[in-house]
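Here's a quick briefing for anyone meeting this structure for the first time. Have a look at the model, then read on for the main points.

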Amino acid sequence: AIWIELLNADFESLRMGPIQDHLMQAPLLSRQDLEPSFEQQMSVNHQMLVHIVNVLSKYMDESMYLTDLKKHVDLDFKARWPLSPGHRTEFYGLRVSTTEEIDVKGNLALHDEFWVDQLQFSIDHLNTYAIITINDQLTNSRICSAQLERAKDVDNWERQETLQVSWAPF
């Protein structure tokens, strides 16, 4: 596991109280909420085009025009939210765990091992601030299952509400 510091993050914006209040008042998602805007769709299309040209130019005959096309300025990846020049993301690797996370119970044990044992966060801190998690879909499913299974538990950490599941890109 890797712990990554969020750029310009403010602990106060990660407080569980306001997050839970907004969640209770939020309307249900509609189809329009899930559809990308025109700008977002154009960005995805551009990135896909760059990937396609890169793959084709790598595996096709070099005499083809794709090698020159690949160098064209319009086929550079475009950053949607560019970082400031020289910015380096701070990240910390956690030690390898022997805890088996094959099921919900193992996943819960792994969370305790990472956040309480290795990073030494207090339960009070874990109850107060949200943790944004970006995982594969299976891990997200286990977190959501744990949240359902522990919905009536004693605090945010035990209910796993502290873990705010992000969209899984893989």
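On the surface of this predicted model, V44, M48, I52, L56 and M60 come together as a nonpolar patch. Between them, these residues offer about 410 Å² of accessible area. One member, M60, sits in the loop between α3 (38-59) and α4 (66-70). M60 counts as partly exposed because its relative accessible area is 32%, which falls between the 20% and 50% cut-offs.

**Overall build**

- The chain has eight helices and four strands, and going along the sequence they come in the order β-α-α-α-α-β-α-α-β-α-α-β.
- How spread out is the chain? Its radius of gyration is 21 Å, well over the 15 Å that the globule rule gives for 170 residues, so the chain is more spread out than a compact globule.
- Taken along the principal axes, the box that holds the C-alpha atoms is roughly 65 × 40 × 35 Å.
- Of the 170 residues in the chain, 24% are buried.
- The accessible surface adds up to about 13000 Å², and carbon and sulfur atoms account for 58% of that.
- If you take the contacts between residues at least 6 apart in sequence, 71% of them link residues at least 24 apart.

**The nonpolar core**

- Which residues make up the largest nonpolar core? There are ten of them: L94, L110, F114, W115, F121, L126, I131, I143, W157 and L163.
- Helix α5 (residues 104-118) gives this core its largest share, with three residues.
- W115 is one of the core residues, and its contacts beyond four places in sequence include fellow core members F121, L126, I131, W157 and L163.
- W115 also touches W3 and Q120.

**A look at V116**

- V116 is found in helix α5.
- Is V116 buried or partly exposed? V116 is partly exposed, because its relative accessible area is 26% and buried would mean under 20%.
- Setting aside neighbours within four places in sequence, V116 makes contact with H111, F121, I123, L126 and W157.
- Three of those names, F121, L126 and W157, also appear in the list for the core.
- V116 and P27 are 89 residues apart along the chain, and 34 Å separates their C-alpha atoms.

**Salt bridges**

- Side chains of opposite charge can pair when their charged atoms come close.
- How many salt bridges does the structure hold? The count is four, and the next points go through some of them.
- E12 pairs with R15, with 3.8 Å between the closest N and O atoms. E12 is partly exposed at 46% relative accessible area, and R15 is partly exposed too, at 30%.
- R150 and E158 meet through their side chains at 3.2 Å, N to O. R150 is partly exposed with a relative accessible area of 24%, and E158 is also partly exposed, at 24%.
- R159 bridges to E161, where the closest N and O atoms lie 3.3 Å apart. R159 is buried, because its relative accessible area is 17% and the cut-off for buried is under 20%. Its partner E161 is partly exposed, at 27%.

Key:
Residues are numbered from 1 along each chain as its sequence is written. This is a predicted model: local features need pLDDT of at least 70, side-chain atom pairs count only at pLDDT 80 or more; totals for chains, interfaces and linings use all residues. Side-chain values use heavy atoms; hydrogens and water are left out. A nonpolar core is a set of buried Ala, Val, Leu, Ile, Met, Phe, Trp, Tyr and Cys residues joined through side-chain atoms within 4.5 Å. Buried means under 20% relative accessible area, exposed over 50%, partly exposed in between (1.4 Å probe, protein chains only). Helices (H or I, at least four residues) and strands (E, at least two) are DSSP runs, numbered from the N terminus. Contact means heavy atoms within 4.5 Å. Patches are made of residues with over 30% relative accessible area and no salt bridge: like charges are joined within 9 Å, nonpolar side chains (Val, Leu, Ile, Met, Phe, Trp, Tyr) within 5 Å. Accessible areas come from the Shrake-Rupley method with a 1.4 Å probe; for residues, only the protein chains shown count as cover. The radius of gyration is taken over C-alpha atoms; the globule rule is 2.2 Å times the number of residues to the power 0.38.
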